[in-house]
Amino acid sequence: MRRKLAAGNWKMNGLRAGLAEMDALAKAHPAPAVDILLCPPATLIAPAAQALSGSRIALGGQDCHQETSGAYTGDLSAQMLKDAGARAVILGHSERREKHRETSEEVRLKARAAQAEGLMTVICLGESAFQREATNTLDIIGAQLSLSVPDESTGENLVVAYEPIWAIGSGQTPTPEQIGEVHTFMRARLERRFGSGVGRSVRLLYGGSVKAENADEIFGIPDVDGALVGGASLTAQDFSPIIEALEKL
Ligand code: PEP
């Protein structure tokens with residue numbers, strides 16, 4: 001049985017005042033029936049780890065470097081994230097692939113480093129609107145999946161998030177059939193590569209304009225084990241109903 005996961009990506013949002021939202025979320029979910037992960041900006045990980053100690057909310061980073069330390073101005077290593085209190089890291093988000101020109105090969109190296117450090121990696125994949133129109137979405141997802149995911153991955157250290165780029169922050173969501181097609185495909189690919197034991201234990205998240213209003217429908221799709229949520233994870237008021245929708249399953 002895969003434990004459901006509600007993951008929040010705060011992106012470049014949140015000052016220390018935002019810790020109050022985390023606290024409110026922790027108080028609203030003292031014994032959640034699903035895993036809850038919040039990935040705030042790196043500046044908030046250490047204070048959040050302190051504020052949330054004793055709660056059931058785990059913290060994660062939004063990126064890491066593939067090296068442990070060195071002359072990489074502005075970068076953070078997986079070891080540093082872990083030292084600050086992170087248990088996970090998002091890698092290969094489309095905003096990093098697009099705006100920082102990250103390739104799937106780089107994502108794989110980062111993921112390998114993070115997994116070696118004991119962090120759970122949430123590896124993001126997704127097609128652009130143009131790719132969905134002009135090519136075969138499953139080819140794009142298949143290539144990203146095989147190149148971005150390290151061989152060392154297991155059901156504990158790997159989560160894959162399908163995030164169509166055109167659905168992120170846009171209010172547009174794919175149809176349940178479109179989400180289901182990609183998730184079924186990713187599951188089959190993971191089983192083929194890692195065997196059915198590991199392949200079936202990796203959690204697959206959907207991300208892209210998830211909110212309270214569409215959560216039930218999305219969580220009812222086979223092989224959707226939770227969500228990676230951007231905008232609606234910023235406040236306890238918006239994120240709580242999504243967590244509750246997942247807990248109902
Ligand atoms: C995201 O950035 O990972 C995301 C899914 O954003 P949103 O929920 O705001 O579309």
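A polar contact, as I will use the term this morning, is a pair of N or O atoms within 3.5 Å, and I begin there because the ligand site depends on that cut-off for the contacts I want to show you. Please keep in mind throughout that what we are looking at is a predicted model.

Let me start with the ligand. Of the 14 residues around the ligand, the ones that come nearest are K11, E163, G169, S209 and G230. For G169, a polar backbone atom lies 2.6 Å from an oxygen atom of the ligand, which falls within the 3.5 Å that a polar contact allows. The side chains of two others in that group also take part: an N or O atom in the side chain of K11 is 2.5 Å from an oxygen atom of the ligand, and for the side chain of E163 the corresponding separation from a ligand oxygen is 2.8 Å. As for how much of the ligand is covered, the accessible area that the ligand has on its own is 290 Å², and the protein covers 95% of it.

I turn now to the charged pairs. Side chains of opposite charge can pair when their charged atoms come close. In this model there are 17 salt bridges, and I will go through three of them and then one network.

The first pair I have chosen is R3 with D35, whose side chains meet in a salt bridge at 2.5 Å, N to O. R3 sits in the segment before β1, which covers 5–9, while D35 belongs to strand β2, residues 35–39, so this salt bridge ties together parts that are 32 residues apart in sequence. Both partners are partly exposed, R3 with a relative accessible area of 35% and D35 with one of 26%.

Next comes D63 with K110, a salt bridge in which the closest N and O atoms are 2.9 Å apart. Here the loop between β3 (57–61) and α3 (78–84), which holds D63, is linked to helix α5 (residues 104–116), which holds K110, and the two residues are 47 residues apart. How accessible is D63, buried or exposed? D63 counts as buried, at 16% relative accessibility, because the cut-off for buried is under 20%, and K110 is buried as well, with a relative accessible area of 8%.

The third pair is R193 with D151, where the closest N and O atoms of the salt bridge are 2.7 Å apart. R193 lies in helix α8 (residues 176–201) and D151 in the loop between α7 (137–148) and β6 (158–162), 42 residues apart. In this pair R193 counts as partly exposed, at 33% relative accessibility, whereas D151, at 56%, counts as exposed.

Beyond these pairs, a network of salt bridges links R2, R187, D223 and D225.

Finally, I would like to look at helix α10. This helix, residues 236–247, has twelve residues and reaches 16 Å from its first C-alpha to its last, close to the 16 Å expected at 1.5 Å a residue. Its buried residues are A236, F239, S240, I242, I243, A245 and L246, and they pack against β1, α1, β2, α9 (212–219) and β8 (226–229). On the side of α1, residues 19–28, we find A24, which is partly exposed at 35% relative accessibility. The C-alpha atoms of A24 and A236 are separated by 6.1 Å, although these residues are 212 residues apart along the chain.

Terms used:
Residues numbered from 1 in each chain as written. Predicted model: local features only at pLDDT ≥ 70, side-chain atom pairs only at ≥ 80, totals over all residues. Heavy atoms only, no water. Salt bridge = Lys/Arg side-chain N within 4 Å of Asp/Glu carboxyl O. Helix = DSSP H or I, 4+ residues; strand = E, 2+ residues; numbered from the N terminus. Buried < 20%, exposed > 50% of the residue type's maximum accessible area, 1.4 Å probe, protein only. Expected span 1.5 Å × (residues − 1). Contact = heavy atoms within 4.5 Å. Near = heavy atom within 4 Å. Polar contact = N/O pair within 3.5 Å; in protein donor to acceptor, adjacent residues only side chain to side chain. Areas by Shrake-Rupley, 256 points an atom, 1.4 Å probe, with all protein chains shown as cover.
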